Amino acid sequence: MQTVVGVRFKRAGKIYYFDPQKLALATDDGVIVETSWGLEFGRVVIGPRQVQSEEIASPLKPVLRQATRADLHQVGRNKERERRAFDIGKEKIEKHKLPMKLINVEYTFDMSKIIFFFTADGRVDFRELVRDLASVFHTRIELRQVGVRDEAKELNGIGPCGRAFCCATFLQEFAAVSIKMAKNQGLSLNPTKVSGACGRLMCCLRYENDSYKKGGDLCKDCACPRKKEAQERLAPRVGKEVDTPAGRGKVQNVNTNKRTALVQMPDERRLEWSWQELTEVREEPREGAEPAKQARPRNERESKTPARDERREGRSGRGRRRENRREGRGARENGRRDN
């Protein structure tokens, strides 16, 4: 077991573990830590706690000190420098006519490096741009290409729900999202309806996907009274005919949260029933349709072998007749020679 604290460098960034040493740290304290980029300023989001050594990525770097007032002023000055560096970076990109879009600029706390984040459709040769920027800032320059989802995370904005982007507010990492998740939840499969500002599928499609899966995956680890019900009763399929207490109808919509289904009756009424009250009608074979062919038993297949044997015997009989004719010819020729 080892004592660690969780530090975050951005609002919705990933949490990293550091060794607090003997410092008395609490949540929301500013700290100066040593990273692979150099000295960085971060905020404690997880107070000191004991964790297993296997959960820690070695080597565990230490927290150098708790941030002082001078450190906070340094962070503020770096923010101003980043805004000026962003404007200069855009001018240099336009000067070199490079097909890239500058997204953000970050200074390390000790100003030993400047990182320029950009997006581009493909690979970009920015060697001349790096030399030009280094001659202006006289420090190490790093250009990092990011994807469209990272761009949305950096820029932030308002989603179709009216709230700020999830990726820019609380999502630490991007998870895989598929169109099947939208299909499971009965959402429109129109790409313009299920895509976010980045042009990719919205991250929120993943939030409730587990509860829409067959059997309700969210009920696996809970002790609610509906657990057995979720495992025994599956949702009726949309478009299928079902038997209801009021007669037979066709399923129009399924509400997984309420565990109900909207059924259209023959008299055009639409009634809502619980899953327990519905029984899906099995499809019967159509009239006049030929029954499916079944594989013949092995003994029936073997019963055909005598005919094959007869054919073989017929072939062998023709062969014997040929041999007899040859023997007859040979006997006649020998008789002539004797004469």
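User: At roughly what angle do the axes of helix α1 and helix α2 cross?

Analyst: Keep in mind that this is a predicted model. Helix α1 covers residues 69-96 and helix α2 covers residues 127-137. Their axes come within 10 Å of each other, and the crossing angle is roughly 140°.

User: So are α1 and α2 roughly parallel, roughly antiparallel, roughly perpendicular or oblique to each other?

Analyst: To be called roughly antiparallel, an angle has to be over 145 degrees, and roughly perpendicular runs from 65 to 115. The crossing here is roughly 140°, and it's right-handed. The two helices, α1 and α2, are therefore oblique.

User: Which class of residue, nonpolar, polar or charged, has 7 members in the contact of α1 with α2?

Analyst: On the α1 side you'll find A85, I88 and I93, among others, while α2 brings residues including L129, L133, V136 and F137. The contact also has 2 polar and 4 charged residues. The class with 7 is nonpolar.

User: Which strands are at the edges of the open sheet?

Analyst: This sheet has 3 strands in the order β6-β7-β8, with mixed pairing. An edge strand pairs on one side only. Here the edge strands are β6 (101-107) and β8 (140-145).

User: What is the bridge partner of F117 in β8?

Analyst: Strand β7 spans residues 113-119, and 6 bridges join β7 to β8. These two strands run parallel. In β8, the partner of F117 is R144.

User: At about what angle does α2 run to β8?

Analyst: Helix α1 packs on the sheet too, touching β6 and β7. As for α2, this helix lies across β6, β7 and β8. Its angle to β8 is about 140°.

Key:
Residues are numbered from 1 along each chain as its sequence is written. This is a predicted model: local features need pLDDT of at least 70, side-chain atom pairs count only at pLDDT 80 or more; totals for chains, interfaces and linings use all residues. Side-chain values use heavy atoms; hydrogens and water are left out. Axes are lines fitted to C-alpha atoms, for helices over the stretch in contact, and angles run from 0 to 180 degrees between N-to-C directions. Helices (H or I, at least four residues) and strands (E, at least two) are DSSP runs, numbered from the N terminus. Angles under 35 degrees count as roughly parallel, over 145 as roughly antiparallel, 65 to 115 as roughly perpendicular and the rest as oblique. A crossing is left-handed if the near helix is turned anticlockwise from the far one by less than a right angle, and right-handed if clockwise. Contact means heavy atoms within 4.5 Å. Ala, Val, Leu, Ile, Met, Phe, Trp, Tyr, Cys and Pro count as nonpolar, Asp, Glu, Lys and Arg as charged, and the others, Gly among them, as polar. Two strands pair if DSSP finds at least two bridges between them.
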